[in-house]
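The exercises below concern charge pairing and pocket lining in one protein chain. Please work through each task before reading the solution that follows.

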Amino acid sequence: MNLLNENLLQIALGIIPPEKFLYYRFTGTAENEIGLNVPQFAAPVELEGSIQGVELNIYPELGLDFQKNYRLVYASANMKGIEEQDVPDQLEFYGLIWSVVKTVPWINYNGWNGVLVVEDKRER
């Protein structure tokens, strides 16, 4: 098997069972009743992918805050973080909302992205 021509995410999901989550794509901002710009998101889309923990020993390498909760999520969606747009896309899984921190963009090459997400303590 030539892994360069295979979809690595599909191979991984054949070994590790996929998990379902909701994906909220940021669409822009709208002014609320008191004049503040509030982020707007598209209706949620249910996706399947791989949700993985982040090892504590790599937090310093990635510049992560030990007081926050992070996960790595891999899915066939063009999820975007703060580096690519004004407000990060959001995911919902494990009963929590997560904001995209950083994207590993494989979308153009292999049709999927990996994202680092942080638990968002704010309510949706």
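A salt bridge is counted here when a side-chain nitrogen of Lys or Arg lies within 4 Å of a carboxyl oxygen of Asp or Glu. The model to which this rule is applied is a predicted one.

**Exercise 1.** Determine which parts of the chain are tied together by the salt bridge between Glu 83 and Lys 102, and classify the exposure of both residues.

Solution. Begin with the distance: the side chains of Glu 83 and Lys 102 meet at 3.6 Å, taken from N to O, and the cut-off is 4 Å. Next, place the partners along the chain: Glu 83 sits in the loop between strand E5 (70–75) and strand E6 (90–93), whereas Lys 102 belongs to strand E7 (residues 96–105), so the bridge ties together parts that are 19 residues apart in sequence. Finally, consider accessibility: Glu 83 has a relative accessible area of 56% and is exposed, while Lys 102, with 42%, is partly exposed.

**Exercise 2.** State how many salt bridges the rule gives, and describe the pairs formed by Glu 46 and by Lys 121.

Solution. The count comes to 3 salt bridges. In one of them Glu 46 pairs with Lys 20, the closest N and O atoms being 4.0 Å apart. Glu 46 lies in strand E4 (residues 45–53) and Lys 20 in strand E1 (residues 19–24), so this pair ties together parts that are 26 residues apart in sequence. Both Glu 46 and Lys 20 are exposed. Turning to Lys 121, its side chain meets that of Glu 119 in a salt bridge with an N to O distance of 3.2 Å. Here the partners fall into opposite classes, which can be read from their relative accessibility: Lys 121 is exposed at 68%, and Glu 119 is buried at 16%, where buried means under 20%.

**Exercise 3.** Characterise the lining of the second largest pocket by element and by residue class.

Solution. Start from the volume, which is about 160 Å³ for the second largest pocket. Its lining includes Leu 62, Tyr 70, Val 101, Lys 102 and Leu 116. Two or more lining residues come from each of E5, E7 and strand E8 (113–120), and E7 gives the most, with 4 residues. By class, the lining of this pocket has 8 nonpolar, 2 polar and 1 charged residues. Lys 102 thus appears twice in these exercises, as a lining residue of the second largest pocket and as the salt-bridge partner of Glu 83.

Note on methods:
Residues are numbered from 1 along each chain as its sequence is written. This is a predicted model: local features need pLDDT of at least 70, side-chain atom pairs count only at pLDDT 80 or more; totals for chains, interfaces and linings use all residues. Side-chain values use heavy atoms; hydrogens and water are left out. Buried means under 20% relative accessible area, exposed over 50%, partly exposed in between (1.4 Å probe, protein chains only). On a 1 Å grid over the protein atoms alone, a cavity is a set of points where a 1.4 Å probe fits but cannot get out, and a pocket is an open set with protein on both sides within 12 Å along at least five of seven lines; lining residues have an atom within 4 Å of a point. Grid points are joined across faces, edges and corners, and a volume is the space filled by probe spheres set on the points. Ala, Val, Leu, Ile, Met, Phe, Trp, Tyr, Cys and Pro count as nonpolar, Asp, Glu, Lys and Arg as charged, and the others, Gly among them, as polar.
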